[in-house]
Amino acid sequence: MNTLLQYGFTDRIGALFSFHFPSGVQPARIVRADRGRVLVATPDGILHLDSPDSLVTGDWIGLVGDGRIAGHLPRSSLLQRKRAYDPLSEAQALAANIDLLGVVVPLDRPLSTNRLERTLVAAWDSGAVPLVVLTKADLSSRFDGVVAETVDRARGVEVLTTSAEVGDGLEHLRGRIGAGQTLALLGPSGAGKSSLINALVDDARQGTGEVRATDGRGRHTTTARELVPLGDGGVLMDTPGLRGFALWDAEDGLSQVFGDVEELFARCRFRDCAHESEPGCAVQSAIASGDLEERRWLSYRKMDRELASLHRRQNVAEQRRYGRSFHRVAQEAARAKDYRNRFREG
Ligand SMILES: Nc1nc2c(ncn2[C@@H]2O[C@H](COP(=O)(O)OP(=O)(O)OP(=O)(O)O)[C@@H](O)[C@H]2O)c(=O)[nH]1
Ligand SMILES: [Mg+2]
Ligand SMILES: [Zn+2]
């Protein structure tokens, strides 16, 4: 049995391989990546290999005979965020080649709308198709209305309700994952991502952890992104619970989730309206009339400012790099001139 077929290998991937790699390079997929070490699925089974840090879970890679990695295929989708606490503003790639991104919302606590919106922005921006996966449906009576509220907030993104405990919605979710497709689950710690994966594959292979009794938060049980075969050609990806999610170049995702807000801008009286207290501001009048929820506007503005500040820092870094290389060129030119002058004098 070809192991790679369990990890999402399809004719399309096969064709991409023949196109990108010389014959003799073997196809493989990164199952899990841990600082310089990767777990790799090959046609003949699973291998541990050393790898460059640039590879992420889900990458399709080419293997040469001695286990050397020849490179990776262009990614059909890439989930990334801004590296936390990084003044240089670098992107951190998290996972590649995801078809469906399940934004996990647990029903055992009140809905965090801002978190849902932010995760949806990142999900759309990855290039995967987002869906919202509600978990712990068996506990949903504790917080009335979260299901309806989530459907409302998800604005057209498909919402599926599941329970790993009693099995609700599992068949439906399995049915959404086509052969060769990868569904990644993304959400806070303790939301039930690993439990749902175990229930879907009917095997307790992913570790799970109780939420803390005091505040209902998870314990960050899962520590690495990892592919789990569904058994019928579909693939699941478990991920560690999200703490925060700093956006990276996510303007497209922002427009997907907040298209209604951005449409208002064209109706403001002034082209350069800051949407604060300008006369004729369509945003402020939509808030006043109740057409636009103020919370939603503030959530949009926070992410928009975050991206603007990211771009300012990217520009400064770019100018510094340019400045350094300009300085070097100027120094070399001065040295060459100095040399020519001495040559002339001598
Ligand atoms: N009642 C009920 N409890 C669930 C369900 N799914 C998960 N749980 C419980 O929720 C807790 C957290 O589940 P995990 O699957 O570890 O959560 P996780 O999202 O993987 O958490 P991290 O790995 O920390 O990100 C565990 O105690 C599970 O037993 C469910 O459908 N119903
Ligand atoms: Mg987990
Ligand atoms: Zn305005």
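In this predicted model, residues 24 or more positions apart supply 65% of the protein's contacts with a separation of 6 or more. The fold contains nine helices and 13 strands, and the C-alpha trace spans about 95 × 70 × 40 Å along its principal axes. Of the 346 residues in the protein, 44% are buried. The accessible surface is about 18400 Å², and carbon and sulfur atoms hold 49% of that area. The protein carries 45 positive and 46 negative charges, whose mean positions are 8 Å apart.

**Annotated span**

An unreviewed UniProt entry carries the annotation "domain: EngC GTPase" for residues 96-243. In the model this span is 26% helix and 21% strand, and its end C-alpha atoms lie 20 Å apart.

**Magnesium site**

The magnesium ion (ligand 2) is coordinated by two side-chain atoms, OG of Ser194 and OG1 of Thr222, at 2.0 to 2.1 Å. These two residues come from distant parts of the chain, 28 residues apart: serine 194 sits in helix α5 (residues 193-201), whereas threonine 222 belongs to the loop between α5 and β12 (226-229). Serine 194 is buried, because its relative accessibility of 7% falls under the 20% limit. Threonine 222 has a relative accessible area of 15% and is likewise classed as buried.

**Two buried residues and their contacts**

Leucine 183 is part of strand β11 (residues 182-186). Its relative accessible area is 0%, so leucine 183 counts as buried. With neighbours within four places in sequence left aside, the contacts of leucine 183 include Leu100, Leu101 and Gly102, then Leu131, Leu173 and Ile177, and also Val235, Leu236 and Met237. Aspartate 34 lies 149 residues from leucine 183 along the chain, and their C-alpha atoms are separated by 20 Å.

Threonine 162 is found in the loop between β10 (159-161) and α4 (170-176). This threonine is also buried, at 1% relative accessibility. Not counting residues up to four places away in sequence, threonine 162 touches Val133, Leu134, Thr135, Lys136 and Ala137, as well as Asp168, Gly169, Leu173 and Leu196. Leu173 thus appears in the contact list of leucine 183 and in that of threonine 162. Leu196, another partner of threonine 162, has a number within the range of helix α5 (residues 193-201).

**Positive phi angles**

Most residues other than glycine have a negative phi. Lysine 136, which is not a glycine, has a positive phi of about 60 degrees. Aspartate 249 also has a positive value, near 45 degrees. The table sets out both residues.

| Residue | Phi | Loop | Relative accessible area |
|---|---|---|---|
| Lysine 136 | about 60 degrees | between β9 (129-135) and α3 (146-154) | 17%, buried |
| Aspartate 249 | near 45 degrees | between β13 (235-238) and α6 (251-257) | 32%, partly exposed |

Lysine 136 is classed as buried because its relative accessible area of 17% is under 20%. Aspartate 249, at 32%, lies between the limits of 20% and 50% and is therefore partly exposed. Lysine 136 is also one of the residues that threonine 162 touches, which places a residue of positive phi in the surroundings of that buried threonine.

Note on methods: Residues are numbered from 1 along each chain as its sequence is written. Chains are lettered from A and ligands numbered from 1 in the order in which they are written. This is a predicted model: local features need pLDDT of at least 70, side-chain atom pairs count only at pLDDT 80 or more; totals for chains, interfaces and linings use all residues. Side-chain values use heavy atoms; hydrogens and water are left out. Helices (H or I, at least four residues) and strands (E, at least two) are DSSP runs, numbered from the N terminus. Buried means under 20% relative accessible area, exposed over 50%, partly exposed in between (1.4 Å probe, protein chains only). Contact means heavy atoms within 4.5 Å. Accessible areas come from the Shrake-Rupley method with a 1.4 Å probe; for residues, only the protein chains shown count as cover. Lys and Arg count as positive and Asp and Glu as negative; His and the chain ends are not counted. The place of a charge is taken as NZ of Lys, CZ of Arg, CG of Asp or CD of Glu. UniProt positions are given in the numbering used here, feature names are shortened, and annotations may be inferred rather than shown by experiment. Donors are N, O and S atoms within 2.8 Å of the metal (3.2 Å for Na, K and Ca); water is not among the atoms, so sites may look incomplete.
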